[in-house]
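Me: Got a minute to go through this one with me? I'd like to poke at a few contacts and then the strands.

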Amino acid sequence: MKTRITELFGIEHPIVQGGMHCVGLAPLAAAVSNAGGLGMVTALTLPTPEALAAEIRQCRERTDKPFGVNLTFLPSVRQPDYPGYVRAIIEGGVKIVETAGRNPESVLPTLHEAGVAVIHKCTSVRHALKAQSLGCDAISVDGFECAGHPGEDDVPNFILLPRAADELKVPFIASGGMVDGRSLVAALALGAAGVNMGTRFLATREAPVHPNVKNAIVRATELDTRLVMRPLRNTERVLSNPAVEELIARERRIGAGVQFSDIADLVAGVYPKVMHEGQVDAGAWSCGMAAGLIHDLPSVAELVARIMDEARTLVRTRLARVFD
């Protein structure tokens, strides 16, 4: 399958692994790249630029295929060493970066000068157009269904993707609800040049997380995610659990005056407990509505091959028979 995304990134299949905190490490990223997709190491999962450089080296030891680094710009009292992370990316020979969060304008010139292609994650057409105008090479368009931060517009992919196709000149991938060959074919039909998968890759054998996390996703349905931090305009889609229900109850009880400090114990520092220790009820952790379509824990290679086989069959048989 050839699309603008496969050609831009030099990959076999138009399937990208999303950047995921405590998940996007060398074992998963390399497995996705070896399967013909594009794996992503998540920079801020690593505590320092030196640790990121070491993870990039580990990934390169595991694959000779292209892989990228996710670099998310977050508001923080103590800012990460972003220049250091950028240096580690460039010195490590990485040629693809996925940026997310705030505007990536400050790092674009440095990355482009080093020959790095930049894909920016957006949840609205207006933000995608801004990223395009800044010189981003591609866009990841995140619909309301996605895990993590879906923005504040609540536009699902059946509307958002065609809108993006109408407006954008650079290629884009679809994120949110992407799990199988049906997702890929639908995304292509709506104008995307590939798909970005997070929750689906989290539920694979190579994902470096506790089995409790993977099993929680397999057990979940499409009705088992919640939106938290809406009053703070920092909405996050997470898997429902007792801690999340308590978080939502606090938001309702406190009302418009809620502050991050009111819920911090259920959000901050949760990921190591969940992903490494398997304490899936410790707090809020990201999960997409795609969980309702996830029923097994394949290897990454099995998953990617299955997606491509299903997509090929859909296009060549089922869809081909529609028009006689």
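Reply: Sure. One definition before we start: a charge sits over a ring if NZ of Lys or CZ of Arg is within 6 Å of the ring centre and within 35 degrees of the ring normal. Also, keep in mind that this is a predicted model.

Me: OK, so which charged end sits over the ring of Phe144?

Reply: That's Arg237, with its charged end 4.8 Å from the centre of the Phe144 ring.

Me: And how many aromatic pairs does a search of the whole structure find?

Reply: The search comes up with one aromatic pair. Phe73 and Tyr82 make it, with ring centres 4.7 Å apart.

Me: What about the planes of Phe73 and Tyr82, what's the angle there?

Reply: They're at 40°, so the pair counts as tilted. Stacked would need planes under 30 degrees apart, and edge-to-face over 60.

Me: Are Phe73 and Tyr82 buried or exposed?

Reply: Buried, both Phe73 and Tyr82.

Me: Switching to cysteines. How many disulfides does the structure hold?

Reply: Zero disulfides. Take Cys22: its nearest cysteine sulfur belongs to Cys287 and is 16 Å away. For Cys59, the nearest cysteine sulfur is that of Cys22, 17 Å away. The cut-off for a disulfide is 2.5 Å between the sulfurs, so neither distance qualifies.

Me: Is Cys59 buried or exposed?

Reply: Cys59 is at 0% relative accessibility, so it counts as buried. Cys22 also counts as buried, at 5%.

Me: Now the strands. Which residues of β7 are on which side?

Reply: β7 covers residues 172-175. Phe172 and Ala174 are on one side, Ile173 and Ser175 on the other, and all of them are buried, so both faces are covered. That fits the usual pattern, as in a regular strand the side chains alternate between the two faces of the sheet.

Me: And in which sense do β6 and β7 pair?

Reply: Parallel, over four bridges, with β6 being residues 138-142. Ile139 stands opposite Phe172 in that pairing.

Me: How many bridges between β7 and β8?

Reply: Two, and that pairing is parallel as well. β8 is residues 195-197, and its Val195 stands opposite Ala174.

Me: What does the chain cross through from β7 to β8?

Reply: Helix α8, residues 181-189, and this β-α-β crossover is right-handed. β6 and β7 also belong to a right-handed β-α-β unit, with helix α7 (residues 157-167) as the helical part.

Notes
Residues numbered from 1 in each chain as written. Predicted model: local features only at pLDDT ≥ 70, side-chain atom pairs only at ≥ 80, totals over all residues. Heavy atoms only, no water. Buried < 20%, exposed > 50% of the residue type's maximum accessible area, 1.4 Å probe, protein only. Phe/Tyr/Trp six-rings, centres within 6.5 Å; stacked < 30°, edge-to-face > 60°. Pairing = 2+ DSSP bridges. Right-handed = clockwise from strand over helix to strand, strands pointing away.
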